[in-house]
Amino acid sequence: MAQAKISAKAHEGRFCRSSSMADRSSRLLESLDQLELRVEALRDAATAVEQEKEILLEMIHSIQNSQDMRQISDGEREELNLTANRLMGRTLTVEVSVETIRNPQQEESLKHATKIIDEVVNKFLDDLGNAKSHLMSLYSACSSEVPPGPVDQKFQSIVIGCALEDQKKIKRRLETLLRNIDNSDKAIKLLEHSKGAGPKTLQNADGKVN
């Protein structure tokens, strides 16, 4: 009888310890789950800061190269450029880096995709129109929506092999490049228009040409 009681108490002790360990393990797992949510929120916030930095730099650069900047006095342009450069300098002091975890295949896919985009960018000065068309086909390859134009199938297969975060960054880079090209086109057209309209205005003022 005494032996039976001892065995029962020993068994009860093991049961209590096992139950306590399970509860402790469950609490630890719950804490880690909560921390994982906070870690992902931190990465999302840092990524948002990265994107905001890119947008700010693009906007400052766009203002510096806008048609309005060409149509003001040299003194005003110099003063505005000083302000723009100061803002750009302060923006560049913000350093945020979100590293993406990649396997070897994803690393290779990212290098390949980056090389293709860089090659197109290097052709801007030689043939801007053709480079823009090529960029559009690359961008269509990254879009989940029905593309308005041709899709670069080879580039699409390469991008699919990249990590999800890298896929988003590739798409954002292409969007930025296309916006810069559009802004350059508009600036050139405005400049050509202003040059063409100048003589006509003077001719009309003289009453010699309608």
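**Close-up 1. R173 and its salt bridge with D118 in the predicted model.** At 31% relative accessibility, R173 is partly exposed. Its side chain meets that of D118 in a salt bridge, with N to O at 2.7 Å. R173 belongs to helix α7 and D118 to helix α4, so this pair links parts of the chain 55 residues apart. D118 is also partly exposed, with a relative accessible area of 32%.

**Close-up 2. Salt bridges between helices α1 and α7.** E165 and R43 pair through their side chains at 2.9 Å, N to O. E165 lies in helix α7 and R43 in helix α1 (residues 2-64), so the salt bridge ties together parts 122 residues apart in sequence. E165 is partly exposed at 32% relative accessible area, and R43 is partly exposed at 23%. R172 forms a salt bridge with E54, the closest N and O atoms being 4.0 Å apart. This pair joins helix α7 to helix α1 across 118 residues. R172 has a relative accessible area of 18% and is therefore buried, the limit being under 20%; E54, at 41%, is partly exposed.

**Close-up 3. The largest nonpolar core.** This core has 20 residues, and those with the most contacts inside it include I117, F124, L138 and F155. Helices α4 (104-121), α5 (128-142), α6 (153-160) and α7 (164-206) each supply at least two of its residues. Beyond its neighbours within four places in sequence, L138 is in contact with I116, I117, V120, D152, F155 and L174.

**Close-up 4. The annotated coiled-coil region.** An unreviewed UniProt entry places this feature at residues 25-59. Over that stretch the chain is 100% helix, with the end C-alpha atoms 51 Å apart.

Note on methods:
Residues are numbered from 1 along each chain as its sequence is written. This is a predicted model: local features need pLDDT of at least 70, side-chain atom pairs count only at pLDDT 80 or more; totals for chains, interfaces and linings use all residues. Side-chain values use heavy atoms; hydrogens and water are left out. UniProt positions are given in the numbering used here, feature names are shortened, and annotations may be inferred rather than shown by experiment. Helices (H or I, at least four residues) and strands (E, at least two) are DSSP runs, numbered from the N terminus. A nonpolar core is a set of buried Ala, Val, Leu, Ile, Met, Phe, Trp, Tyr and Cys residues joined through side-chain atoms within 4.5 Å. Buried means under 20% relative accessible area, exposed over 50%, partly exposed in between (1.4 Å probe, protein chains only). Contact means heavy atoms within 4.5 Å.
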